[in-house]
Amino acid sequence: MSGGTARHDSGVRGFASDNHAGVHPEVLAALTAANGGHQPAYGDDVYTAELQEVFRGHFGEQALIYPVFNGTGANVVGLQAMSKRWGAVICAESAHINVDECGAAERVAGLKLLTVDAPDGKLTPELIYKRVWGVGDQHHAQPQVVSITQTTELGTAYTAEEISAICAYAHDRGMLVHMDGARIANAAATLDLPLRAFTTDAGVDVLTFGGTKNGLLLGEVVVVLNPGAVEGLLYLRKAAMQLASKMRFVSAQLVALLGGDLWLRNARHSNAMAQRLATAVRAVPGVSVARPVQANAVFAVIPKDVAERLAKRFLFYVWDEHTGEVRWMTAFDTTEADVDAFAAALAEEMAA
C-alpha cells in the first residue's frame, strides 16, 4: 500500500471527541502555501510575525504569543511562567490540567494543584475562597494562580461577567488568572462576543489558545495578555520541548484560522450540531440530557447495555461509569446527517 493511500474509511463518523476530526481544507491549503522555499526556524519566519499581529487584533496590542505543539504543553509552560517554585494553582476538580494531563502541571511544572468541587465545572469567587488559605505559612504551597477553562470540561461557558468577578477576586489577593482555552472559540460563539471581551477586558493574565479542536492539524498558543504576569516563558518553552523548529507550519495554520472568520464559522457549526443532537436525543424515550448544552458537548444518561451497543456503531466515551453518563462531542465537520443517523441509532438501541 502506497504512502498516499488512506488507511481508514473517511465516511465513518463518531461523537467521541472533536480531536477525532480531520484538518479543515482551508488550513490544509495554508500549509501547502507555506511549504515552498526556505524560512528562518524557531519562530523567526514571516508567518509567525503575521500571527503576532493577528493575535493583537483579537486580544490587544499588549498581547504576546508563544506557539507550541499541544494543549498540555501550553498549559504547563504558561502556568510555570506564572508561578514560583513554591506556588499552587487553584482549579476545578474536573479541570483538564487535573484530570487529563497525566500530572504534567505537577510533574513537569512542579506545581501543586488545589482542586475545588465545581458541579457545573465553573469556579466562582466563593469556591476559590475555600482554597485560599495557608498564605505565608511555610508548611503550605502558596496559591498564586487561578486556572479556569473556557468552555469547561462539562460543556459549560463562563460569561464575561463571571470571569471578571474571578479576576477581580484573584487580583485583589495577589493571584494571577490563567485560562485554558482549548475550546475558546466555542465559548465566543455561544456568548456572541469578541475574544477579548471575556479575556483581556475581563482581566485574564495568560491564555492557552486552542486550535486543534477547531480544525488545525496541531498547534496551540500561550498568549500573554499581561506581560508582567510571566517570567522566562521564552526559555521555559524550549526547556519543555515545546519550541517548534519549523514553526511556520504551526503559525500558518493559526493565521488561516484566525486571520478571517474560519475560527468562528467552525465553532458556530459545531455548537449548532450539538444543539441539534441535544434536541434529537431528548425526543428519545428514556434518554435524559444531564447538563446544559452551551458549546459542542452533549452529556446524557443512558443504560449501560445501550451505551455498549451504540458505541459499536458510533464511537463515543462513557463519562461516568457509575451514573451511566456519556459524552457526545460534535466537530467542525459534523453534518446534520451525522447527527440524525446517530439519534436514529440511539432510538433503535433504546427500543431494543
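The exercises below, each with a worked solution, concern a predicted model. Local features need pLDDT of at least 70, side-chain atom pairs count only at pLDDT 80 or more, and totals for chains, interfaces and linings use all residues. Residues are numbered from 1 along each chain as its sequence is written, and side-chain values use heavy atoms, with hydrogens and water left out.

**Exercise 1. Overall form**

Task: Give the secondary structure content of the chain and compare its radius of gyration with that of a compact globule.

Solution: Helices (H or I, at least four residues) and strands (E, at least two) are DSSP runs, numbered from the N terminus. The chain has 13 helices and 11 strands. The radius of gyration is taken over C-alpha atoms, and the globule rule is 2.2 Å times the number of residues to the power 0.38. For 352 residues a compact globule would come near 20 Å; the chain has 21 Å, which agrees. Along the principal axes, the C-alpha atoms fill a box of roughly 60 × 55 × 35 Å.

**Exercise 2. Two helix pairs**

Task: Classify the angle between α12 and α13, then that between α8 and α11.

Solution: Axes are lines fitted to C-alpha atoms, for helices over the stretch in contact, and angles run from 0 to 180 degrees between N-to-C directions. Angles under 35 degrees count as roughly parallel, over 145 as roughly antiparallel, 65 to 115 as roughly perpendicular and the rest as oblique.

Start with α12 (residues 304-311) and α13 (residues 336-351), whose axes come within 9 Å and cross at roughly 135 degrees. The two are therefore oblique to each other. The crossing of α12 past α13 is right-handed (the near helix is turned clockwise from the far one by less than a right angle; anticlockwise would be left-handed). Contact means heavy atoms within 4.5 Å. Val306, Arg309 and Leu310 of α12 meet Phe342, Ala345, Leu346, Glu349 and Met350 of α13. By class, this contact has six nonpolar, no polar and two charged residues (Ala, Val, Leu, Ile, Met, Phe, Trp, Tyr, Cys and Pro count as nonpolar, Asp, Glu, Lys and Arg as charged, and the others, Gly among them, as polar).

Next, the axes of α8 (residues 184-191) and α11 (residues 262-282) come within 8 Å and cross at roughly 75 degrees. α8 and α11 are therefore roughly perpendicular. From α8, Ala185, Asn186, Ala188, Ala189 and Thr190 meet Trp263, Leu264, Ala267, Arg268, Ser270 and Asn271 of α11. This contact divides into six nonpolar, four polar and one charged residue.

**Exercise 3. The four-stranded sheet**

Task: State the strand order of the open sheet and describe the pairings at β8 and β10.

Solution: Two strands pair if DSSP finds at least two bridges between them. The order is β8-β9-β11-β10, with antiparallel pairing. β8 (288-289) and β10 (317-320) are the edge strands, each pairing on one side only. Two bridges join β8 to β9 (residues 297-301), and Ser288 has Val301 as its bridge partner in β9. Three bridges join β10 to β11 (residues 325-329), where Val318 is partnered by Val326. β10 and β11 form a hairpin with four residues between them, and Gly324 in the turn has a positive phi of about 80 degrees.

**Exercise 4. Loop residues**

Task: Locate the cis peptide bond from Gln150 to Thr151, and place Cys102 and Gly203.

Solution: The cis bond has omega near -5 degrees, and Thr151 lies in the loop between β4 (142-149) and α7 (160-172). Cys102, in the loop between α4 (96-99) and α5 (104-107), has a positive phi of about 55 degrees although it is not a glycine. Gly203 belongs to the loop between α8 and β6 (206-210). Leaving aside neighbours within four places in sequence, Gly203 is in contact with Cys167 and His171.
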